[in-house]
Structure formats: C-alpha cells, structure tokens
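Colleague: I am new to this one. Please show me the structure and then take some questions.

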Amino acid sequence: MNIENIKQPFIKIFPGDFSGNNMQRNTPKVLFSTVDPVGFDQPKLIAFNEKLAEEIGLGRFEENDLNFLVGTKLPENIKTYSTAYAGHQFGNWAGQLGDGRAIIAGEIENDKGERNEIQWKGAGATPYSRHADGRAVLRSSVREYLMSEAMFHLGVPTTRALSLAFTGEDVVRDMMYDGNPQLEKGAVVIRTAESFLRFGHFELMSAQQEYKTLQELVDYTIENYFKDIQSEGTQKYKDFFESVARRTADMIVEWYRVGFVHGVMNTDNMSILGLTIDYGPYSMMDEYDLNFTPNTTDLPGRRYAFGKQGQISQWNLWQLANALHPLIKDEKFLEQILNDYGSYFWENHDRMLCKKFGFDQLLTSDEKFFTNWQSLMQELHLDYTLFFAELEKYDDQKDLRLQFENVSYSFLNDEKMVKLEEFITTYKSRLEKNIISREQSLELMHQSNPKFILRNYLLYQCIEEINEGKTEMLERLIHALENPYHTIYPEFSAKRPTGYDDISGCSMLSCSS
Ligand code: AMP
Ligand code: MG
C-alpha cells in the first residue's frame, strides 16, 4: 500500500496539543492531540477490503502492510492524532468526549483528487479514552466492519471499513455491564471517510467560546466537503447549516428505507457530512416495530428507537444550531430551518415509502394508507424486509397465507388473514392510480427493497465462527452484503430463527466494545 502518501493537513491548520501524552485529560481550546498507537506484536489479518484500498488510492496490500493495519511500526511520515469533540448524550450535555479509541493516520488522495481520512479503531488509549483502554474487541470490530460495508452497498451514506485484524492481545470486557467481565480477543478496524467530523467538534469549540477556531473549522468543512456552497459572510454559514440539515434528513430517510436502527444517536455520533458513523449497538430491524431499540442502555426511555430517529435527528440539529449561532447570529433563520425540517423529512420519508410500494407519486390519501400499513405490520408481527420482498412477488394466483406465513413472527390465524386480505385489496386499488407501467413499478420496488440485510443473528453466528478460527461465514456474508438487492444465499434472506430473540450480544446489545 502507498502508506508513504498519507498526509495530515488537519493538524497543520488547527490548534492542537503536540505533547504526544496519551494520559486522559481535558485538552481545552484544541481540536486534536497527537498520540501514537500502542502497537501490537502479533497481528493477524481477518479481512481486507481490496476494492476500497484501490478506490481511495492506497493501492495493493502486501504482506508487510499487516503491521500498518493495527498501527504497529509506522513510517516516519505518519504523525498520528486523535480529535477532541463534545456532545449531548441521551439528551444531556456531556462536555468533552473525543476519539477515545480512534487514532487518525491522516488522509490519502486518489488519482481523481478525492481525499479520505484513515483511522484505526482500537489501536490504544488516547487523551480522550475517559477511563477506558482504547482497545476494541473482535465482536464490536466485526460488527463495525461488516455493517458499514453493508450500508455502503445498500446505498446509504456511511463511513467505510478497510481492514479487520486481530491484535493478538486479549481485552477484558463486561459485555452486558452485569458484573461478569471476561477476556475477549482484541481487534482493530481501519475505517475511512471523507471526514470523521461530527456535530460534537463544532459543539466543543462553541461551548469553549473558541469562536475563531469554530469559524475556521466551519470554513474548512465548507471548503473541503460542501463545495457547492459559494456564498459569503453569514449567508455562507446559513447555507452550511441548511445543507447539514438536509444531508442529515436524507440519511435518516435511508435508515428507514432499509430498517436500520443506530442505537446511540448522541450528537457526538452525528457526522457533519450526513454519514452513518459509529456502529455500536445498532441493529437492522427484523420484525417491524416503531418502538424497537437494540441498545440496552436506551431501554428505559427508548429515546433512540426506530420510530424516533427522525425526531431525534431534529433535536440533534437544534444542538448544532446552538453551536453555530455565534457565526449565524439569526435565531429566526435557525428556527425556520428547524421548523421546516419536519416537513422536509416527512415528505421525503413518505416518497421513499411510495417507492417501496411501487407507487410513482405521493398522494394525499397515502398518509392513511401508510398508517393502516403500520398497524398491519405491528398486529401481524411482520418482518419489515421480507414483507416488501413478498409484496414484490405478490400475484393473485398464489395462496396469500402460504406466501406470507414465512414473513410473520406469529401464527397467521383467520382474523389476521382477513386483515392481510383487506390490506392487499386496498394496495391493489392504490396501484391502479399509478401512471407508470407495472414493470416500472416493480423496478421501483426492486431498487428500494433489499433482499438481504445483515441481521444481528447472522452477525452473532459469524462472530462465534471467527472465535473458533473459521471464516467461511464471514466470506459468505461479505458476498451477500455486496449484493443486497439480490438473493445470493436464500438461507440468509429468511426470518430470524427462533432461539435468537433474547441472546445477549445478539438481540440485546450494549455499548461495551
Ligand atoms: P458514544 O459513541 O456516544 O457511546 O460515546 C462513547 C465515548 O466513549 C466516545 O468518546 C468513545 O471514543 C469512548 N469509548 C468507547 N469505548 C471506548 C474504549 N474501549 N476505550 C476508550 N474510549 C472508549
Ligand atoms: Mg461514538
């Protein structure tokens, strides 16, 4: 790999702490601290994303690149650092947080002039590790590696994953925070993104009243990642906030399309570019349930449940608006954008749902249709993904019960079948309002409805296998997630089997990683 081409423009521009000291502390007024990865002597490669490496300009992987993948024996040109950010966690201001176990190697540029940041996750403690060890375990690393790539291939804006390797070191974790610490295998993931900047970076500078740095950070973000913004003065900052709001809404609509629940939508986990970032206790939704949250820490209030993600993204944008206020100085404008957010979001959400159903346009009557559909899904305990896959295949000639019984997590008794039949009748008459042909309508459905999603139980099985030294399932899952709109392995495109409903680390997840 062209490791020698990795550069660190960020640390040349912004105020930082160059002491290299990784002791945990507050680092006021700076956006990063230089810090070295600890280095691991016995790395073992689990997965490497060759296509991504080529795409971003890193080139081919060679045997001696393995050290780099875990942050060991780095060449002189790589000046590594971790960034400081703040955030609102579960609705409360949490002050300084920062890259607790992410260390940035720098940026690489490809021959098209596109730049990508490269960072290790799990390569050791940083000043922002907050009493934790800066390590990552195999379990959470596999989950991040596979899911970020799955989201990319589904067409959802996301950070990406370049490599996954064992460190050769064991790490102690109390997975469910219940007083049962165990040794788990340590691992490091390299992830990439145009930028890993979060709402929290802007919140940190604003909270410390470092308005000059705040302004420089916004200017830098616009210049590098919001190239369509051409305005000047305060208008530039207004356009920026409006763009961030749109990108955020567009991302969340995509989460709803594929059935993704992030699980920890704190403002420090919100990318300023509108990318899905920080894959922790996330889950793809099996059974359709607006109240579903995979994160045990979130159970008391279900703040981050599937159905709340739209509303929460708006709340998070309020916090960003507060942080950017010193630059924009126009409450009315900010309020307007935030108030319009709901209608922008819901309209796009409903247009997205239309495509899933194969409708060519959104009608006023659709609101009622969607509400009825939601109750049908919840009452019949239907699988979100499989429901749309079956709807795409629906034809009058088939027995409706036979077709849908494998989509439900409950028995479809006669009463439920009547509801389903009623729904299908309404659906058919709604389809008749289409201007496009049936083929075009089916094409819309085909593009909007994944046939393969990375379900938690599949991840769970895959992690168990890797722990036993086998990688066959990992390879098959990678093949499947690269082709999510096709059924490559029928056994992966089925309902969650019974027995996986209550397993820790499978259906119930924690932030422990
Ligand atoms: P969140 O992503 O909102 O759950 O916040 C988690 C915070 O804890 C971030 O600042 C992380 O970098 C940090 N963190 C999580 N796990 C570790 C770990 N094993 N070592 C150090 N910091 C961690
Ligand atoms: Mg985080």
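Modeller: A few questions and answers follow.

Modeller: This is a predicted model, in which local features need pLDDT of at least 70 and side-chain atom pairs count only at pLDDT 80 or more, while totals for chains, interfaces and linings use all residues. Residues are numbered from 1 along each chain as its sequence is written, chains are lettered from A and ligands numbered from 1 in the order in which they are written, and side-chain values use heavy atoms, with hydrogens and water left out.

Colleague: Which protein atoms are donors of the magnesium ion (ligand 2)?

Modeller: Donors are N, O and S atoms within 2.8 Å of the metal (3.2 Å for Na, K and Ca), and sites may look incomplete because water is not among the atoms. N269 is buried, at 11% relative accessibility, and D278 is buried too, at 14%; buried means under 20% relative accessible area, with a 1.4 Å probe and protein chains only. Lying 2.0 to 2.3 Å from the ion, the donors are N269 (OD1) and D278 (OD).

Colleague: Is S441 buried or exposed?

Modeller: S441 touches G358, L431, N434 and I436, leaving aside residues up to four places away in sequence; contact means heavy atoms within 4.5 Å. The backbone oxygen of G358 is 2.8 Å from a polar atom of the S441 side chain. With a relative accessible area of 1%, S441 is buried.

Colleague: How far apart do the C-alpha centres of domain 1 and domain 3 lie?

Modeller: Domain bounds come from an automatic or database domain assignment. That assignment gives domain 1 as 3–196 and domain 3 as 364–432. Their C-alpha centres are separated by 44 Å.

How values were computed:
Buried means under 20% relative accessible area, exposed over 50%, partly exposed in between (1.4 Å probe, protein chains only). A polar contact is a pair of N or O atoms within 3.5 Å; within protein, one must be able to donate a hydrogen and the other to accept it, and residues adjacent in sequence count only if both atoms are side-chain atoms.
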